[in-house]
Amino acid sequence: MNESTQELHRLVSQTREQILKAASKKKIADRSCVRGGARSLDVCVSSAQIDRAVQIMDALATSLEKRKFTTKVKDGRTCVTVLGEIFYLSLEEKLTRIDHVPTKEEINRMAKHPWMTPDKYDYIPSGKLSLKIDKDSYGYRRSWNDGKKRRVENCLNAVIIGLIDGAFMEKAKRAERKRREQERREHEKLRQEKQEAIRKEKALVAKLETDANNWHLSRKLRAYIEAVRQKQRTNGIGSDEELRNWLDWATQQADRLDPLAESPPSVLDEENDFTGLPYW
C-alpha cells in the first residue's frame with residue numbers, strides 16, 4: 001500500500017481530499033459517516049476510518065490498473081470495467097443501532113409539545129467496513145465484510161477474482177439471452193409462417209366451397225333457362241326478341257357464376273370503380 005499522499009492513485013487522492021473536506025464541515029459531535037461527492041470514489045466512512053479506507057481503495061485501484069482493468073468515477077460511483085463488463089464498487093462503514101438518549105433540547109421540546117417525540121434509535125459508525133461489487137443490469141452482487149478473523153484489506157485478491165468471475169458470468173448470461181432471443185424469433189417466424197399457411201389454406205377452401213356452390217347454382221340457372229325456352233316453344237310466351245334477349249342475359253349470368261366457364265363482361269364488374277368517389 002502507498003503510504004504518502006503523493007504516491008496515491010490519482011482517483012484515490014482526489015477522493016481523500018473530497019472526504020476530508022466533507023468531514024471538516026461536520027460538527028465534532030456528529031458521529032455519522034461522510035462521502036466525497038460526485039467527483040469521489042464511492043466511499044462512505046466515518047472520520048476515524050478515512051485513512052484505512054484510502055489505503056484499501058488505493059491498493060485495489062492500483063491492482064486493477066496493473067491488470068489493465070479501468071477504474072473511473074461516475075457520478076460519485078466507482079466504475080470498474082473488467083473484460084468489457086462494467087461493475088460498481090463501494091466501500092462503506094456499517095452502522096450500529098443504539099438507543100437514542102434525548103438531548104436537553106429534545107426534553108424541553110417534548111415538555112411543550114408532547115406529541116413531538118424524538119427518534120427511538122441512533123445509528124453510529126461501527127468501525128467495520130464492507131466492500132461490495134454491484135452490477136446494475138443483471139443483478140450480480142458480491143460483498144466482503146470485516147469479521148472476527150479477517151479484514152477487508154486482506155480480501156482484495158478475492159475481490160479482483162470476484163470481478164473476473166462476474167465478467168465471465170455476465171458474458172455467459174448475455175450469450176444465453178441472445179440464444180433465447182434467437183430461439184424466440186425463430187419460433188415467432190415459424191408461428192407467423194404457419195398462420196399465413198393456415199390463412200391461405202382457409203382462403204382456398206372457402207373459394208373451393210364458393211366455386212362448388214356457384215357451379216351448382218349455375219346448373220340450376222341453366223336448367224331454369226332451358227325450361228323457360230321450352231315453355232316459350234310450347235306456349236309462345238313473350239315476343240321472340242324480348243325472350244331471346246332475356247335468354248342471352250340469363251345465360252351470361254349463369255356463365256358468370258360457373259367457375260368452369262369463361263365469365264362474360266358485366267356492368268357489375270364496374271361496381272368497385274365508383275366506390276368511395278366524392279359526390280358532386
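This report covers the nonpolar cores, the cavity, helix 5 and the salt bridges of a predicted model.

## Nonpolar cores

The largest nonpolar core contains 36 residues. Within this core, the residues with the most contacts are V43, L64, L91, I133 and L163. At least two core residues come from each of the following elements: helix 1 (10-24), strand 2 (43-45), helix 2 (50-66), strand 4 (77-82), strand 5 (85-99), strand 6 (121-134) and helix 4. Helix 2 gives the largest share, nine residues. In general terms, nonpolar side chains of soluble globular proteins tend to be buried together.

I133 shows what surrounds one of these core residues. Leaving out residues up to four places away in sequence, I133 touches F87, Y88 and L89, then Y140, R141, R142 and W144, and also V159, G162 and L163. L163, one of these partners, is itself among the residues with the most contacts inside the core.

A second core, separate from the largest, has six residues, including I225, V228, L243 and A250.

## Cavity

The structure has one cavity of 30 Å³ or more. The largest cavity holds about 30 Å³ of space. Its lining is made of V12, T15, I19, L41, V43, A53, V54 and M57. Helix 1 and helix 2 are the elements that contribute two or more residues to this lining. V43 lines the cavity and is also one of the residues with the most contacts in the largest core.

## Helix 5

Helix 5 covers residues 240-257, 18 residues in total. At 1.5 Å a residue the helix should span 26 Å, and the C-alpha atoms at its ends are 26 Å apart, so the expected and modelled spans agree.

Which residues of helix 5 are buried? They are L243, L247, A250, Q253, A254 and D255. These buried residues pack against helix 4 (156-235). Two of them, L243 and A250, belong to the second nonpolar core.

## Salt bridges along helix 4

There are 21 salt bridges in the structure. Side chains of opposite charge can pair when their charged atoms come close. Three of the pairs described here lie within helix 4.

E176 pairs with R180, with 2.9 Å between the closest N and O atoms. The two residues are four apart in helix 4, about one turn. E176 is partly exposed at 28% relative accessible area, whereas R180, at 53%, counts as exposed. E181 forms a salt bridge with R184, where the closest N and O atoms are 2.7 Å apart. Here the separation is three residues, again about one turn of helix 4. Both partners are partly exposed, E181 with a relative accessible area of 28% and R184 with 45%.

The third pair joins the side chains of R199 and E196, at 2.5 Å from N to O. R199 and E196 are three residues apart in helix 4, about one turn. R199 is partly exposed at 46% relative accessibility, and E196 is partly exposed at 33%. An α-helix has 3.6 residues a turn, so residues three or four places apart point the same way.

## A salt-bridge network

Salt bridges also link residues into a network, made up of R52, D146, R151 and E153. R52 lies in helix 2, which spans residues 50-66.

Methods: Residues numbered from 1 in each chain as written. Predicted model: local features only at pLDDT ≥ 70, side-chain atom pairs only at ≥ 80, totals over all residues. Heavy atoms only, no water. Expected span 1.5 Å × (residues − 1). Buried < 20%, exposed > 50% of the residue type's maximum accessible area, 1.4 Å probe, protein only. Contact = heavy atoms within 4.5 Å. Core = buried A, V, L, I, M, F, W, Y, C linked by side-chain atoms within 4.5 Å. Salt bridge = Lys/Arg side-chain N within 4 Å of Asp/Glu carboxyl O. 1 Å grid on protein atoms, 1.4 Å probe; cavity = no way out; pocket = protein on both sides within 12 Å on 5 of 7 lines; lining within 4 Å. Points joined across faces, edges and corners; volume = space filled by probe spheres on them.
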